[in-house]
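Dear colleague,

I am handing over the structure below, and I would be glad if you kept it open while you read the notes that follow it.

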Amino acid sequence: MREGRVRLDHIDLNLFVLFDALYRERNVTRVAMQLNLTQPAVSNALGRLRQAFDDPLFLRTPDGMQPTPVAERMVADVREALVLLRRSVGAGARFDPATSDKTFRLGMNDLAESLLLPGLQAALAQAAPTVAVASYYVDRASAADELRAGRSDLLLDAPVFNARELRHAPLASLPYVVAMRRGHPLARRKMTEKAYLAAEHLHVSSRRRGRGQVDIALHSRNLRRRVSMRVQNYLVAARIAQQTDLLWTVPRVLLPLVDLVARPLPFAVPPLQWHLFWHGNADGDPANQWLRQQLQALAGQLG
């Protein structure tokens with residue numbers, strides 16, 4: 001790459017949009033569809049980028065278009081610049097939920113979806129009938145990048161991130177209970193620590209490994225439970241608990257949505273903490289602020 005010789009006044013800024021899309025998708029056909037361009041137009045634009053930076057930027061391989069070291073060095077700055085440009089363009093615009101057709105992109109798991117999205121949709125139907133919401137799971141390893149690049153507007157998760165560029169606010173504190181099927185041998189008895197530890201358990205986590213709140217609390221006392229099944233979806237876990245003798249330690253707030261019996265935990269476990277996260281560049285964005293207010297109001301109604 002020719003250091004110091006790239007002049008922005010000689011580059012169409014739309015080429016950086018294409019660069020970001022190609023880095024993300026690694027596929028010319030998908031990029032062409034996303035940007036509503038023909039494949040030859042995408043190839044032509046890539047050629048102009050290559051010429052401007054005197055580097056191939058993306059190399060065709062059996063696994064798709066792989067970025068070169070120059071592209072890898074560029075991508076973070078390009079994405080941050082695109083986010084700033086997009087927000088600058090709309091900085092003077094007032095967000096009117098009644099007329100906006102914006103699609104908000106939310107990172108959350110299925111428990112949050114179950115508890116918050118029905119209420120959010122009802123609120124949108126009243127105040128923002130043409131606003132849409134897309135919810136999907138975001139891996140923690142890529143969460144900051146998703147928010148930085150504007151691919152996610154908000155993330156709902158435990159307060160585990162320490163990236164300085166992110167802002168966050170407490171959303172909900174959800175105490176745990178022990179849930180089990182009706183007719184479970186322990187359903188009519190007081191739940192003791194001995195009975196809890198002797199039972200087999202069900203655990204929900206989107207991660208392949210790692211301990212949850214309950215296991216961390218037990219480990220601090222040199223105790224351990226037997227997790228016989230680990231799944232990634234709360235509503236799937238509810239079906240399993242309804243049809244087996246596995247105990248499920250779950251946020252109490254989910255119980256109205258499932259047909260299970262609940263008992264208090266026989267030992268102390270900190271509640272599940274939910275925070276909202278957003279990028280610092282979106283701190284003053286009226287649309288982002290409005291959505292944060294909606295979710296905070298809904299979370300305040302959780303029992």
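In which sense do strand E3 and strand E4 pair, and over how many bridges? Strand E3 (residues 103–107) and strand E4 (residues 132–136) pair in the parallel sense, over 5 bridges; two strands count as paired if DSSP finds at least two bridges between them, and the names come from DSSP runs numbered from the N terminus, where helices are H or I of at least four residues and strands are E of at least two.

Before going further, please note that this is a predicted model, in which local features need pLDDT of at least 70 and side-chain atom pairs count only at pLDDT 80 or more, while totals for chains, interfaces and linings use all residues. Residues are numbered from 1 along each chain as its sequence is written, and side-chain values use heavy atoms, with hydrogens and water left out.

Within the pairing of E3 with E4, Phe104 stands opposite Val133, and Arg105 has Ala134 as its bridge partner. Between these two strands the chain passes through helix H5 (residues 110–127), and this β-α-β crossover is right-handed, a term meaning that, with the strands pointing away from the viewer, the path from the first strand over the helix to the second runs clockwise. E3 also pairs with strand E5 (residues 154–157), again in the parallel sense, over 2 bridges, and here Leu106 stands opposite Leu154.

These strands belong to an open sheet of 5 strands with mixed pairing, in the order E4-E3-E5-E12-E6. Because E4 and strand E6 (166–174) stand at the edges, each with a single partner strand, one side of each is left without a neighbour in the sheet.

Turning to the helices, the axes of H5 and helix H10 (residues 286–299) come within 10 Å and cross at roughly 125 degrees; axes are lines fitted to C-alpha atoms, for helices over the stretch in contact, and angles run from 0 to 180 degrees between N-to-C directions. That angle makes H5 oblique to H10, since angles under 35 degrees count as roughly parallel, over 145 as roughly antiparallel, 65 to 115 as roughly perpendicular and the rest as oblique. The contact (heavy atoms within 4.5 Å) involves residues of H5 including Leu116 and Gly119, and residues of H10 including Trp290 and Leu291.

Elsewhere, helix H1 (residues 14–25) and helix H3 (residues 39–53) pack at an angle of about 105 degrees, with their axes 10 Å apart, which means that H1 is roughly perpendicular to H3.

With best wishes
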